[in-house]
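Here's a quick tour for anyone opening this structure for the first time. Have a look at it below, and then we'll walk through it piece by piece.

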Amino acid sequence: MFLFRKSLYLIFFFCGIVSFAQQLSSLELSRLEIKVNKELSFAQENIEMSNYIEAKNSLEQTIESAKTLKNEKSLGLAYSKLGKTQHLLEESILAEKTLNKAIKFQRLAKDNTNIAETYKTLGDVYLKTNKPKKALEYYNAALLLFNKKNLKEYAAESIFKKGKAFIDYNAVSYTHLT
């Protein structure tokens with residue numbers, strides 16, 4: 001009987017330890033989520049101040065933290081910002097791959113607003129690499145999502161960029177005809 005009680009106490013003791021460990025890990029996860037959000041804000045500030053190298057390095061670390069969280073929305077946003085940074089650093093091939101990764105995570109998270117922004121950036125990459133037809137496709141996709149969310153300023157920017165891509169596409173088409 002004494003042995004049974006002792007075993008029962010040990011089981012309760014270990015259950016308490018396991019429960020405490022789980023609470024500790026959820027606290028750590030919460031802190032990591034706060035850290036990821038701060039890093040994303042910091043990276044955005046660096047992008048806005050044209051500190052692209054610093055933004056790129058910061059975003060690469062942010063992605064590792066977001067992977068630990070298994071948070072599709074954070075991963076999508078981090079990859080999108082990294083792709084934009086790579087585009088601004090004229091790393092077009094890397095930017096295209098990174099932005100496509102962002103879209104995969106954003107679709108999983110059903111994050112249509114950020115998908116639209118990523119589409120717009122991917123359009124920028126294609127426009128810069130002389131692929132105006134592909135750029136038009138992505139600007140159209142971005143415009144459609146921005147209009148669904150009633151984000152008029154972003155939609156207007158997409159329309160402007162769509163116009164530039166259309167002019168470039170017609171210039172390329174015209175060159176091939178002559």
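Starting at the N terminus, the elements of the protein run α-α-α-α-α-α-α. That comes to seven helices and zero strands, where helices (H or I, at least four residues) and strands (E, at least two) are DSSP runs numbered from the N terminus. Before going further: this is a predicted model, in which local features need pLDDT of at least 70 and side-chain atom pairs count only at pLDDT 80 or more, while totals for chains, interfaces and linings use all residues. Residues are numbered from 1 along each chain as its sequence is written, and side-chain values use heavy atoms, with hydrogens and water left out.

The protein has 178 residues, and 35% of them count as buried. Buried here means under 20% relative accessible area, exposed over 50%, and partly exposed in between (1.4 Å probe, protein chains only). Among contacts (heavy atoms within 4.5 Å) between residues at least 6 apart in sequence, 52% join residues at least 24 apart.

Now to α3 (72–88). Twelve of its 17 residues are buried, so α3 is largely enclosed by the rest of the structure; among them are Leu75, Tyr79, Lys81 and His87. Its 17 residues should span 24 Å at 1.5 Å a residue, and the end C-alpha atoms of α3 are indeed 24 Å apart. That expected span is 1.5 Å times one less than the number of residues. At the N-terminal end of α3, asparagine 71 acts as a cap, with a side-chain oxygen 3.0 Å from the backbone nitrogen of lysine 73.

What follows α3? Glutamate 90 does, and its phi is positive, near 60°. Most residues other than glycine have a negative phi. Asparagine 150 also has a positive phi of about 60° although it is not a glycine. Here are the two residues together:

| Residue | Loop | Phi | Relative accessibility |
|---|---|---|---|
| Glutamate 90 | between α3 and α4 (92–108) | about 60° | 58%, exposed |
| Asparagine 150 | between α6 (132–148) and α7 | about 60° | 53%, exposed |

Where's the largest pocket, and what lines it? It is lined by 15 residues, of which Gln44, Lys81, Lys84, Asn114 and Glu117 lie nearest its centre. The elements giving two or more residues to this lining are α3, α5 (112–128) and α7 (152–177), and α5 gives the most, with six. By class, the lining has four nonpolar, six polar and five charged residues. (Ala, Val, Leu, Ile, Met, Phe, Trp, Tyr, Cys and Pro count as nonpolar, Asp, Glu, Lys and Arg as charged, and the others, Gly among them, as polar.) The volume of the largest pocket is about 250 Å³. A pocket is found on a 1 Å grid over the protein atoms alone, as an open set of points where a 1.4 Å probe fits, with protein on both sides within 12 Å along at least five of seven lines; lining residues have an atom within 4 Å of a point.

Two more residues round off the tour. Threonine 121 sits in helix α5 and is buried, at 3% relative accessibility. Leaving aside neighbours within four places in sequence, threonine 121 is in contact with Lys84 and Leu99. Glutamate 157, found in helix α7, is partly exposed at 32% relative accessibility. Glutamate 157 and alanine 142 are 15 residues apart in sequence, and their C-alpha atoms are 10.0 Å apart in space.

Technical notes. Grid points are joined across faces, edges and corners, and a volume is the space filled by probe spheres set on the points. A polar contact is a pair of N or O atoms within 3.5 Å; within protein, one must be able to donate a hydrogen and the other to accept it, and residues adjacent in sequence count only if both atoms are side-chain atoms.
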